[in-house]
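This briefing goes through one protein model by topic. Please keep the sequence and the coordinates at hand while reading.

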Amino acid sequence: MASNGNGNAIGKANGVPAGRNGLPKIQTAKRQDGGAPTVKAQTIDELHSLQKKKSAPTTPLDGAQGAFATMTEEERHKQQLQSISASLASLTRETGPKLVRGDPARQSETPRVSHAPDHHFAPTFSASDSSLKFTHVLYNLSPAELYEQAIKYEKGSFITSSGALATLSGAKTGRSPKDKRVVRDDTTEDELWWGKGSPNIEMDEHTFLVNRERAVDYLNSLDKVFVNDQFLNWDPENRIKVRIVSARAYHSLFMHNMCIRPTPEELENFGTPDFTIYNAGQFPCNRYTHYMTSSTSIDLNLGRREMVILGTQYAGEMKKGLFGVMHYLMPMRQILSLHSGCNMGKDGDVALFFGLSGTGKTTLSTDHNRYLIGDDEHCWSDKGVSNIEGGCYAKCIDLSREKEPDIWNAIKFGTVLENVVFDEHTREVDYLDKSVTENTRAAYPIEYIPNAKIPCVGPHPKNVILLACDAFGVLPPVSKLNLAQTMYHFISGYTALVAGTEEGVKEPRATFSACFGAAFIMLHPTKYAAMLASKMEKHGATGWLVNTGWSGGSYGAGSRMKLAYTRKIIDAIHSGKLLNANYKKTEVFGLEIPTEVEGVPSDILDPINTWSNKKAYKETLLKLGGLFKSNFEVFLDYKIGKDAKLTEEIVAAGPNF
């Protein structure tokens with residue numbers, strides 16, 4: 001018997017082969033099927049390639065369906081690449097880049113080259129070094145693939161403890177409205193709102209093309225670009241096909257979440273986009289170019305249906321840029337585009353919520369007893385309402401599980417967290433920390449909200465709720481509006497901000513944003529207001545003005561309206577009970593206010609009752625009325641229809657003193 005060197009004999013025990021330390025060796029029955037074949041891999045890279053199921057490197061395709069069913073996968077890829085190359089074509093050189101599908105870092109993969117007709121790629125100028133390289137296209141990558149790209153190649157990208165991707169937007173942590181420009185041409189000259197009060201800063205076609213060339217050249221110089229082909233508007237008859245070309249995985253994932261994600265079959269049939277964004281935000285514009293005032297420029301050309309971004313990496317520019325496009329395109333189809341939240345009761349009653357920052361729009365439109373259609377952007381057509389987007393873009397500052405459980409729980413794998421601060425070791429986010437910016441944000445697909453209605457469409461609204469946080473403390477908690485009043489307050493878009501936290505500064509500051517989204521509208525505000533009133537009248541919707549601000553005095557003297565009372569008011573609007581209440585009219589603003597709302601103290605329904613100093617109340621009321629009148633003057637030069645009757649009716653619905 002042999003020894004193993006440790007004094008232990010190795011041999012047989014009772015005829016069974018012995019194992020270590022003389023124990024019987026375990027015997028296993030031989031598999032009848034011969035067992036699994038040996039993995040034939042010589043290197044780790046080869047083993048990893050076997051680990052991944054072979055498929056297109058983007059949205060997986062479910063069988064051969066759709067218009068391209070007769071095509072091979074190779075032919076379909078080639079057509080996609082030709083389309084993307086055409087999108088990235090240089091207008092100077094009349095050519096697009098030579099494209100390769102897939103990540104250049106994956107050396108083990110054989111690149112697919114688009115063999116387009118020679119005339120498509122033949123440069124009209126002499127060849128440069130850039131024509132010797134290929135631009136790799138990462139097309140409609142999944143969130144997991146985009147996570148890998150961001151963490152590998154984008155400094156400042158991390159996975160947080162909840163699974164969300166935390167990233168940085170660079171120097172710009174918010175929108176740059178003064179750097180947003182629109183091409184003024186023969187078409188837009190008469191259609192768009194220009195001049196005083198308008199958000200549309202003009203530029204000419206030539207300057208746009210200069211910036212477009214700069215953005216395209218930058219994107220073509222990169223080893224790889226990210227391309228998203230997606231939709232806007234859940235109404236299938238009126239949806240818009242958008243293509244987003246970007247340099248960052250963060251931007252691609254953001255738009256994957258915010259736009260509507262195509263099914264594999266829809267992606268096959270996608271074809272030519274209706275609108276294209278070139279996001280070259282890491283590269284500045286040339287400040288010596290005509291119309292440029294900084295190194296940032298966000299340029300919109302409605303004729304070419306293109307948008308160019310230079311000098312800002314803030315992802316919200318893409319979201320709001322497309323919203324501006326919808327504000328132009330949808331009214332042309334007699335569809336009203338709205339900057340609003342929207343939810344629906346279990347009986348199918350739909351409510352729209354309008355409100356500026358701090359008015360409670362997100363809080364009040366998020367209701368566990370109702371379905372969420374959308375939190376920010378909607379269309380109202382002849383069929384009903386539809387969400388424009390496929391996701392939500394929530395503010396994160398001071399976020400807590402207790403106050404906003406739905407948003408808190410939506411921040412998980414797939415969600416983009418912008419500019420947040422987190423613990424270096426645990427990666428837990430500190431939502432109170434404003435070190436990077438106060439404008440911290442989370443972008444997530446709408447299906448991350450448990451009571452989201454998918455698809456995000458609903459019947460015609462029954463209630464249109466305008467929210468105002470009145471820090472002057474003179475607007476009633478709730479008022480029922482007639483159509484003219486609804487138009488007046490919709491155009492005004494009022495809320496009030498507290499002037500600051502400095503000692504002794506207690507004077508609130510009124511702010512107005514036309515249609516509750518002045519930065520994004522393209523047409524004159526009265527056009528949207530007239531469409532809103534027409535649809536409300538046709539479908540029997542009621543307008544309401546709800547004050548979520550101060551009661552019993554202005555900021556510093558009075559107190560903020562209790563959220564519990566505001567919720568009771570909103571519940572009474574949803575249920576229809578408030579329609580049957582008794583009403584009386586206020587002075588100055590001429591608002592109809594109920595004398596009783598279930599669950600709300602009756603004395604607070606008329607704000608004069610809550611002020612101990614009645615003289616101060618009347619002075620403050622007149623002051624706010626004057627601010628409304630002054631703001632509305634900018635809209636008086638625009639006449640609706642052939643005469644000015646509707647304009648006069650709207651003005652008459654404002655403060656009267």
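Strands β17 and β21 (residues 377-380) run antiparallel and are joined by four bridges. The model is predicted, and its mean pLDDT is 87, with 84% of the residues scoring at least 70. The points below start from this strand pair and move on to the cores, single residues, backbone geometry, cysteines and confidence.

**The sheet around β17 and β21**

- In the pair of β17 and β21, Leu 336 sits opposite Trp 380 of β21.
- The open sheet that holds these strands has four members, ordered β17-β21-β22-β28, and its pairing is antiparallel.
- Its edges are β17 (336-339) and β28; each has a single partner strand, so one side of each lacks a neighbour in the sheet.
- In general, strands of a sheet pair through backbone hydrogen bonds, in either a parallel or an antiparallel way.
- Helix α9 lies across β17 and β21, at about 150° to β17.
- Helix α13 (residues 525-539) also lies across β17 and β21, running at about 105° to β17.

**Nonpolar cores**

- The largest nonpolar core contains 126 residues, and Trp 380, Leu 417, Tyr 444 and Phe 490 have the most contacts inside it.
- Helix α9 (residues 316-332) contributes the most to this core, with eight residues.
- A second core, separate from the largest one, has 25 residues, including Leu 88, Tyr 139, Val 227 and Val 245.
- In soluble globular proteins, nonpolar side chains tend to be buried together.

**Asn 257 and Thr 486: buried helix residues**

- Asn 257 belongs to helix α7 (residues 249-258).
- The relative accessibility of Asn 257 is 1%, so the residue counts as buried.
- Beyond its neighbours within four places in sequence, Asn 257 contacts Gly 390, Gly 391, Gly 414, Thr 415, Val 416, Ala 443, Tyr 444 and Pro 445.
- One of these contacts, Tyr 444, is also named among the residues with the most contacts inside the largest core.
- Thr 486 is part of helix α12 (residues 483-492).
- Thr 486 is buried because its relative accessibility is 1%, which is under 20%.
- Not counting residues up to four places away in sequence, Thr 486 touches Leu 466, Leu 481, Leu 532, Met 536 and Gly 543.

**Thr 511: a partly exposed strand residue**

- Thr 511 is located in strand β32 (residues 508-512).
- With a relative accessible area of 22%, Thr 511 is partly exposed.
- Apart from neighbours within four places in sequence, the contacts of Thr 511 are Leu 356, Gly 493, Tyr 494, Thr 495, Ala 496 and Leu 497.
- Thr 511 and Asn 631 are 120 residues apart along the chain, and their C-alpha atoms are separated by 9.2 Å.

**Backbone geometry in loops**

- The peptide bond from Ile 454 to Pro 455 is cis, and its omega is near -5°.
- Pro 455 is in the loop between β27 (441-445) and β28 (457-458).
- Tyr 291 is not a glycine, yet its phi is positive, near 80°.
- The loop between β14 (275-280) and β15 (297-301) holds Tyr 291, which counts as partly exposed at 26% relative accessibility.
- Asn 419 likewise has a positive phi, of about 60°, although it is not a glycine.
- Asn 419 falls in the loop between β24 (416-418) and β25 (421-422), and with a relative accessible area of 1% Asn 419 is buried.

**Cysteines**

- Searching the whole structure gives zero disulfides.
- Cys 469 is buried at a relative accessible area of 7%.
- Cys 515 also counts as buried, with 4% relative accessibility.

**Confidence**

- The average pLDDT of the protein is 87, but over residues 1-11 the pLDDT is below 50.
- Beyond near neighbours in sequence, the stretch 1-11 has twelve contacts in the model.
- Residues 108-127 also have a pLDDT below 50, and this stretch has 40 contacts in the model beyond near neighbours in sequence.
- Where pLDDT is low, predicted coordinates should not be read in detail.

Methods
Residues are numbered from 1 along each chain as its sequence is written. Side-chain values use heavy atoms; hydrogens and water are left out. Helices (H or I, at least four residues) and strands (E, at least two) are DSSP runs, numbered from the N terminus. Buried means under 20% relative accessible area, exposed over 50%, partly exposed in between (1.4 Å probe, protein chains only). Contact means heavy atoms within 4.5 Å. A nonpolar core is a set of buried Ala, Val, Leu, Ile, Met, Phe, Trp, Tyr and Cys residues joined through side-chain atoms within 4.5 Å. Two strands pair if DSSP finds at least two bridges between them. Axes are lines fitted to C-alpha atoms, for helices over the stretch in contact, and angles run from 0 to 180 degrees between N-to-C directions. pLDDT is the predictor's confidence in each residue, from 0 to 100. A disulfide is a pair of cysteine sulfur atoms within 2.5 Å.
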